[in-house]
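Thank you all for coming; today I would like to walk slowly through two parts of one structure, a helix and a strand. Please have a look at it before I go on.

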Amino acid sequence: MAKQNEGPAGPTHEHADGDADQRPSEGALDDGSTQELPGPDEGPAANVRRTPIKDRLTPEDDVTADTPADTEEHARDDDATGVVDPPTTNASDATDDPDATMVAGPPGAVSDDQDSPLTPKKKTTRKKRGLTKVGIWEGVIVLLLAAAYVGSAYFLGDRVPAETTVAGVDVSGLPTGTAEQVLAEELGGLETEPLPLTFADSGAEIEPASAGLSFDAAATVDQFTGFTLDPRILLGHLFGLGEQEPISQVDEAALEAVLEGLAEDLDISPVEGSISIVDAEAEITDPQEGAAVDVPEATELLAAEWITGSRPLELPELVVQPEIGPEEIRAAMDEVVEPFLSGPVTVAVNDTEVELSTEELADAATLEVNGTRFDLALDGQELAETVTAKEDSIGEVPRDARIELQGGEPTVIPAVTGTGLDPEELAPAVRDASLQTEAGQRVATVELSRTEAEFTTADAEALGVVEVIGRYSTPMPYDPPRTENLVIGTSRINDTLLMPGEEFSLLDALSPITEAGGYNSSGVVVDGFATEAAGGGLSQLSTTVFNAAFEAGLEDITHQPHSRWFSRYPEGREATLFSPDLDMRFGNNTDYGVLIHAWVGDGQTHVVLWGTDVWDVDIVTGSRYNITSPQTVYNQDPRCEPESGGQSGFTVQVTRTVSAGGEVHEQRTYTHTYRPWNRVVCGEPPSDSDDDDDNGNGDDD
């Protein structure tokens with residue numbers, strides 16, 4: 001017979017709910033007989049009779065019973081035991097089984113949603129205590145490992161991890177100070193070594209230190225030394241850290257300034273498409289893309305790779321598209337050139353007809369670029385003279401008065417009254433007819449009229465072209481083709497008369513600047529390199545005209561100084577010229593005419609301006625500043641011309657004050673920076689294996 005120990009409030013019972021878990025008891029008999037167990041009111045020796053459930057319950061009886069909740073005190077007795085019968089699923093099952101027995105507990109039995117008082121609480125307590133001990137030991141181990149990790153980080157912090165290199169320099173296991181010294185000795189020298197660069201077909205060199213680049217040995221070593229909990233660093237002490245990036249100090253403003261200066265030499269301007277009409281044939285210059293150094297990208301590239309990058313470093317580039325491309329050329333050919341050259345044009349004057357051949361039309365024609373469009377322009381005066389020469393009965397065209405230099409003095413050539421064609425009416429009529437594609441439509445109808453000259457003799461005399469208001473001369477180097485270009489250029493602007501308020505364009509006066517236009521190929525500077533092109537030397541004429549107008553006090557509309565200073569020109573006061581982009585223009589800001597007299601002689605180019613002296617002009621040129629040293633540039637263009645270079649670049653200011661009667665009319669300060677004359681080497685940049693003598697800047701002078 002099993003014992004049942006009583007707690008302070010009575011024995012431990014099973015759940016009163018018939019659905020409670022039932023476990024076989026040692027006191028239960030298979031035949032339903034009773035077994036004596038200690039009762040609630042008796043001592044340990046008291047017997048309890050167990051009877052079958054069917055004898056104690058009726059179907060009407062509720063199998064559940066409410067008892068006082070005294071199970072908590074019973075549960076405290078770890079040694080309490082209970083006897084249960086086999087489990088039943090519900091009350092009906094229990095009544096159907098005549099052999100089922102159960103112990104009906106005394107008051108204090110617990111419900112289903114509470115822990116059974118028969119559960120061995122002592123075992124559960126022991127398990128929890130075991131888990132608590134395991135958790136404590138795990139925490140201790142974690143703390144010990146963390147302490148070891150932190151201690152290792154602290155202990156190893158003053159040394160470089162194993163198998164560590166920077167830009168190929170081995171600093172494995174070295175103390176921090178020693179590692180910094182080794183890196184400074186091995187990599188610091190790169191700051192003063194020329195860094196070769198390449199761009200398109202050209203190359204260049206810069207000195208990193210002068211470009212704002214320096215190696216920071218201390219910051220580099222700090223990346224992988226010192227106290228750190230970074231597992232990558234700690235594992236590096238055991239298994240090796242590998243190659244690490246060097247850290248640089250970068251002055252971005254200085255680096256960008258150097259790259260922008262190089263870009264002016266290295267950039268390749270696009271070739272604009274153009275069409276010229278020569279000998280009644282169209283000559284097309286195909287457009288070509290240009291390339292420009294991407295300075296922001298190049299700045300990032302050099303900042304990141306000037307130490308570790310492969311030599312030479314290739315500068316990133318931007319594609320520069322020409323404004324006049326293949327589509328614009330094709331449109332101009334289809335809409336203008338081909339119709340214009342498709343056949344002759346008939347000029348109908350009253351009852352007379354005169355045919356102008358394609359060649360005669362072409363001689364009077366020019367194609368003017370208007371944005372991205374080509375416009376056809378015809379010289380009405382030339383057309384009128386051609387028509388009149390072919391048919392005397394048409395009469396004589398009016399002729400404007402002129403002012404020409406005769407005997408070294410301005411002379412008025414009287415105007416002539418016309419009895420024939422009006423050039424201003426003839427030119428648009430012929431142009432419109434020439435663009436027709438059907439032969440019957442290529443007729444320009446005009447009327448013969450008696451017209452007065454636009455510019456009369458009285459108008460010419462009233463212009464007051466009577467005295468010299470400005471003059472300038474510049475010496476010419478010995479270069480026969482170049483000198484011949486200057487002779488042609490001066491002849492095309494000589495005796496040009498500017499009316500009050502009129503603007504003078506040197507590029508318009510000299511165009512077309514081509515070999516077909518009569519010019520020779522001679523030396524020019526294109527994209528920072530010396531080469532040859534048609535009209536080489538005309539920048540000298542531009543500079544000479546500019547200075548004559550500058551000293552006369554005339555209005556400076558536009559001019560562009562050279563990128564490099566030529567000693568034969570006044571610094572800060574010169575103007576380059578290059579078709580079709582760079583022009584020199586000035587305006588007549590007086591109430592009188594201005595006559596241009598230009599010629600070549602005595603080894604110089606001369607320009608004298610005649611008019612009426614109006615302005616008092618004071619010009620002050622300041623001292624040079626921002627002196628810059630030349631660089632070495634490599635040019636792989638087949639047309640490359642080597643240059644020794646050596647002349648430094650600089651910035652200069654020029655102030656011009658224009659006044660009249662003591663009152664200042666204009667005061668303007670011009671600031672211009674000249675680039676140094678870089679040493680130009682034709683060919684590819686040297687490789688790392690070449691001698692340093694070919695890379696240095698010392699040969700630039």
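Let me begin with the buried residues of helix H13, which are Pro 423, Leu 426, Ala 427, Ala 429, Val 430, Ala 433 and Ser 434, where buried means under 20% relative accessible area, exposed over 50% and partly exposed in between, using a 1.4 Å probe and protein chains only. Helices (H or I, at least four residues) and strands (E, at least two) are DSSP runs, numbered from the N terminus.

I should say early that this is a predicted model, in which local features need pLDDT of at least 70 and side-chain atom pairs count only at pLDDT 80 or more, while totals for chains, interfaces and linings use all residues. Residues are numbered from 1 along each chain as its sequence is written, and side-chain values use heavy atoms, with hydrogens and water left out.

What covers the buried residues of H13 includes helix H10 (326-340), helix H12 (380-390) and strand S19 (443-446), with contact meaning heavy atoms within 4.5 Å. At the N-terminal end of H13, Asp 422 acts as a cap, with a side-chain oxygen 3.1 Å from the backbone nitrogen of Glu 424.

Turning to strand S4 (residues 202-206), 5 of its 5 residues are buried: Ser 202, Ala 204 and Ile 206 point one way, and Gly 203 and Glu 205 the other. S4 pairs with strand S3 (residues 195-199) in the antiparallel sense over 5 bridges, two strands being paired if DSSP finds at least two bridges between them. S4 is also joined by 3 bridges to strand S31 (residues 632-635), again antiparallel. Ala 204 stands opposite Leu 197 and also opposite Val 633 in S31.

Definitions and conventions:
A polar contact is a pair of N or O atoms within 3.5 Å; within protein, one must be able to donate a hydrogen and the other to accept it, and residues adjacent in sequence count only if both atoms are side-chain atoms.
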